[in-house]
Amino acid sequence: MNDLGQDSPVSATGGMRALLRTHPWERSALGHPDSWPRELHAAVDIMLVARNPALVGWGDGAVILYNDAYAALLGARHPAALGQPFGAVWPELWSTIGPRVAGALAGTPQHVDDAPALIPTGDGMRQHWFSVSYAPLRLADGTVAGFFHNGFDTTERVNDTRWRRFQLALGERLRSVASSHQIIDAASAMIGAELDAERVIYAEHGETDDDGLVVRAEWVRTGQARAAGTAVRLDDLGAAAAAALRAGAPVAVGDAAAGADGVGAFPALPLLKAGSLATVVIVQAAQPRHWQDIDLRLLQDVAERTWTALDALRAHQALRDSEARLSAVFDSLPVGVGVADPSGKLVLSNLEMRRYLPTGIMPSRDDSRFARWTSYHPDGSQVARHDYPGARALRGERVVPGIEALYRGDDGRETWTHIGAVPIRDADGRITGQVSVVTDIDRVKRAEAQQRLSEEKYRKLFERMDAGFCIVEILFDADGQPNDFRYLELNPMFESQSGLVDARGRTALEMVPGLERSWIERIGAVAVSGVSDQFEAYSAVLGRWYETNASPLGEPGAHLVALIFRDTTERKQNEENLRRLALEDAEASRRKSEFLAVLAHELRNPMAPIRTGLEIMRLRADSPETIERVREMLERQTRQMTHLIDDLLDVARVTSGKIEIRKQLVDLNRVVASAVETSTPVIQGARHTLDLQMWDEALLLDIDPTRIAQVINNLLTNAAKYTPAGGRIALTVRKEGREAVIAVSDSGVGIPLEHQQSIFEMFNQVGRNMGLAQGGLGIGLSLVRQLVLLHGGRVSASSPGVGQGSTFTLRLPLGVQQEAGAGDPALPERRTTQRRTFRILVVDDNTDAAESLSLLLQLNAHEIRTATNGRDALLIAQEFRPDIGFLDIGMPGMTGFELAERLRAMPELAGMTLVAVTGWGSDEDLARSRQAGIDHHFTKPIAADTVSRLLSQIE
């Protein structure tokens, strides 16, 4: 290391100063810095503080010292270049810079503007331009000992000058060509020459292939160019280049080895239009080269300017095509159209107008031809020349719809026409001309005359018809669709057949608001298609059937339809009544047969063991053990029959919409516990394991607890039935948002995917379809879904498949939160008051039913009286003063409803609670009970726990 003194310009630290301070100068031709002349120190000091690239060359060998900016230009040659001869550092440039160095060392300053130089960069050599100078460095005696070299990078200015020059030349060249292929050829040739290329390809993206390009033109320096329309693919340029071009990024490949097969060094520039690849311009060079930013900039300009020129050319061509089409349409118009200037001379007209005005002058301004036109006012006077539509329009008047005029041609043939005209105004409102339209209405006018001749015949037929007849005009909406029709002509029978009074001139929707759209569409279709239609249809709004024959009238555009119709309501009603009676009889017969067959099958199952059990009890009356076993069996079978009958009744009520849901605010956990208790015998009987997970807190729901318990019990029973013995059943209760969720899962037979949507349909038993019939009518899950829907909830079934178990999920909305106090009727289990006894009157014409209910009530120490008819019940009630009355409804003589009304009329029994216990349970029966003053209504048989819960709720 060389330790320099503090006065040396290279003694400071940092950047090149630090490097100069530590460089072993004693090994160089310059020697130790202490031996350097003062002039060298001064030059080095100036060089180090310069911002632009600068160096000092010293001695005959031109040993160089340089600053940080020059070190950046050296790239990888730094720091080895420090202290080396200038020629050894830049051998490839020495032929250019050597003479300048020699001139400076000879004492002559050197300066060059925009000198080119390839500067090393991270991705190769990059072309730069510099303005450079070489100034001699002299010792005190005037001897030249070295030189001071600095430069300024002028690359940006040089490139901008080149770009502007090229832009001007390209613009001038493109302005001189007129076709698309000339534009592409000129642009390709200019960029090829500018970049010294061998080939330029201008390709556009294919319309059907996302990866395809179609060559529009190719410029080559030598050789044969590809024909226009040749297909090339992006991947032919290499995978990486293709990906970049699809993304809209330019690609520059500097070496043939880095490019795709058969492609030399090239840049390729894509143009994206509306987010999609539109054009790719590819320039190929014969030798490897490093493509400069200015090359890509020029290529970008060529691509953009070429596209813009082509786009403008296409737009111009489209305009010409549009004008040609407009001219063709204009000439093909079936009416004469002409535009005239203020003098009345036509400046634009179609073929039809020139037929009427061969001289090209408006009739009102043409003395030689005005006499060929004749027109009349409504009063019969002839229209004057200055009152023709064209003349009036030039005075600023809009003559629409215009006038009718008779035109006489050169051959003497007369033609009726219709003439309309409107003025043309400029931006200041001044009239600059007028537009006239002449329509040939000769056929219409002559047809009108023919029509008048036949009108009388038509009128007579019209008035003598015994059917309803009318002529209607179809009205259309903005989209051209029929939306109403207007009654134009009516015959005398119209009113009696249609039921519509004073309909002439009014529309169908005015006469019959809400008329079915099908009538308007069907009659409108006759006007549109021109095809007659005969049909019989019903109008719910009018409440009538009509047999209708609809026929188009007039020309296709007249939109008139003639309707002949008869009111067939009475006949259709008679036919419908006969058909309905036949269908009802057939359906009733089928349902009865199906119901009896299924019901008989299901009732035989419990009836067989009941009958057998009764026979065993008769034969083994002396065996208490046998009697007990048979009694238990009879109870099970009786419950089964009761459950079957209740399900049938519930389904009938739900299907007919007559079931009553008695909602109250209850804790779902208690309802679930009740259902689990009811289902436990079935689950235990099949040796299943039940995993029960209740919600930690009360879940208050506004539901009918009996019906929801019935739903849960049904799901648990189904799980037990369709799970092989020793299976697993899980019931979970949870809260999700504003819903309570009950999930019943099992490890049973599962549900096939094709049956998971129909599992809740009536009479659908998946197990039976899988050969696993478990009895029943197939109504349980249908009843579950209907009951859940009546509570505003929903139920769903899911299963991974056969043999993989199933899950039934029930969701119910949460009820309004409230505290459940001692007085909450929904939570009778929480009552802590002492149970009281009641005086109870039981009334039933069936002695066994009355006796069995009385025995049940006496078990709870209540005082009981019974009666078998309404008259005796009233006598007992006057003396007994009962707290509660259990009343049968269907009693002979005085019904339970009549008895209840009589009891309610007795002041001394004002606080009495009336309970109906009957076989009648429809919604009508429940409503009749409420009207009679009955507080509670139960269908037979009434269970003991139901009676117990009822009595516990009565204060």
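The following exchange concerns aromatic contacts and one sheet in a predicted model.

Q: What should be known about the numbering and the cut-offs used for this model?
A: Residues are numbered from 1 along each chain as its sequence is written, and side-chain values use heavy atoms, with hydrogens and water left out. As the model is predicted, local features need pLDDT of at least 70 and side-chain atom pairs count only at pLDDT 80 or more, while totals for chains, interfaces and linings use all residues.

Q: How many aromatic pairs does the structure hold?
A: There are 16 aromatic pairs. Rings of Phe, Tyr and Trp (its six-membered ring) pair if their centres lie within 6.5 Å; planes under 30 degrees apart count as stacked, over 60 as edge-to-face and the rest as tilted.

Q: Why is the pair of phenylalanine 86 and tryptophan 94 called edge-to-face?
A: Because their planes stand at 75°, with the ring centres 5.8 Å apart.

Q: Is phenylalanine 86 buried or exposed?
A: Phenylalanine 86 is buried, at a relative accessible area of 1%. Buried means under 20% relative accessible area, exposed over 50%, partly exposed in between (1.4 Å probe, protein chains only).

Q: Which residue sits over the ring of tryptophan 307?
A: The charged end of arginine 314 does, 5.2 Å from the ring centre. This requires NZ of Lys or CZ of Arg within 6 Å of the ring centre and within 35 degrees of the ring normal.

Q: And what lies over the face of tryptophan 416?
A: Lysine 445, at 4.8 Å from the ring centre.

Q: Which residues form one aromatic cluster?
A: Phe485, Tyr487, Phe494, Trp519, Phe535, Tyr546 and Phe565. Of these, phenylalanine 485 and tyrosine 487 are both buried.
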